[in-house]
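Subject: Structure handover

Hello,

Here is the structure I said I would pass on. Please have a look at it first, then read the notes below.

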Amino acid sequence: MKNKGRIIVTEDDKNIRELMKLFLNSYFPNYELEIYKDGHSLKKTLNSNPKGIELILLDNDVPDKSLGLEITRDYSLKINAPIVIISGYPIDKEAEQAGAYAFVKKPFTMNELSEVIKKGLNHKKELFTSL
């Protein structure tokens, strides 16, 4: 039964979206999973239905010119959920300045991502984490 809240993934790469879906449904089965392929769709949800969001996994380089850093700056104080920025570029300091809970650099292992998600879901928002 999925009743612990919502985890949102925003990722433009279809293969990574599918992998994240399999991983999150296996490791965090009690959470509703929402997956978006662009920043516009994510922003629409954050504006219209932010209730119950427990964590956001956000690729920094999503299409439609919506960088994850910009979305994080705009929403990190408006929503009560940790935002984890994921990128292949070393932007951990920028992610922290934007208000992200954590930064995960690609490539990453599922164990590394799982640890960041677990900490985020436990609302340990006081520490910025970079992998």
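Starting at the N terminus, the elements of the chain follow the order β-α-β-α-β-α-β-α-β-α-β. That order holds five helices and six strands. Please keep in mind that this is a predicted model.

Overall shape

The chain has 131 residues and a radius of gyration of 13 Å, close to the 14 Å given by the globule rule, so it is as compact as a globular protein of that length. Along the principal axes, the C-alpha atoms fill a box of roughly 35 × 30 × 30 Å. Of the 131 residues, 46% are buried.

Contacts also reach across the sequence. If you take the contacts between residues at least 6 apart in sequence, 67% of them join residues at least 24 apart.

Surface and charge

The accessible surface of the chain is about 7,200 Å², and carbon and sulfur atoms account for 50% of it. The chain carries 20 positive and 19 negative charges, and the mean positions of the two sets are 4 Å apart.

Two residues to look at

Please find Arg6 in the viewer; it is in strand E1, which covers residues 6-10. Is Arg6 buried or exposed? Its relative accessible area is 9%, and the cut-off for buried is under 20%, so Arg6 counts as buried.

What does the side chain of Arg6 reach? One partner is the backbone oxygen of Asn49, at 2.8 Å. The Arg6 side chain also makes a polar contact with the side chain of Glu34, at 2.4 Å. Beyond residues up to four places away in sequence, Arg6 touches a list of residues that includes Tyr31, Glu32, Thr45, Pro50, Lys51, Gly52, Ile53, Glu54 and Leu55.

Thr45, one of the residues that Arg6 touches, lies in helix H2, residues 39-48. Its relative accessibility is 11%, so Thr45 counts as buried too. Apart from neighbours within four places in sequence, Thr45 is in contact with Arg6, Ile8, Glu34, Tyr36 and Pro50. Glu34 and Pro50 are therefore worth selecting in the viewer with this pair, because Arg6 touches them and Thr45 is in contact with them, while both Arg6 and Thr45 are buried.

A last distance to check is the one from Thr45 to Pro82: these residues are 37 apart along the chain, and their C-alpha atoms are separated by 16 Å.

Regards

Key:
Residues numbered from 1 in each chain as written. Predicted model: local features only at pLDDT ≥ 70, side-chain atom pairs only at ≥ 80, totals over all residues. Heavy atoms only, no water. Helix = DSSP H or I, 4+ residues; strand = E, 2+ residues; numbered from the N terminus. Rg over C-alpha atoms; globule rule 2.2 N^0.38 Å. Buried < 20%, exposed > 50% of the residue type's maximum accessible area, 1.4 Å probe, protein only. Contact = heavy atoms within 4.5 Å. Areas by Shrake-Rupley, 256 points an atom, 1.4 Å probe, with all protein chains shown as cover. Lys, Arg positive; Asp, Glu negative; His and termini not counted. Charge placed at Lys NZ, Arg CZ, Asp CG, Glu CD. Polar contact = N/O pair within 3.5 Å; in protein donor to acceptor, adjacent residues only side chain to side chain.
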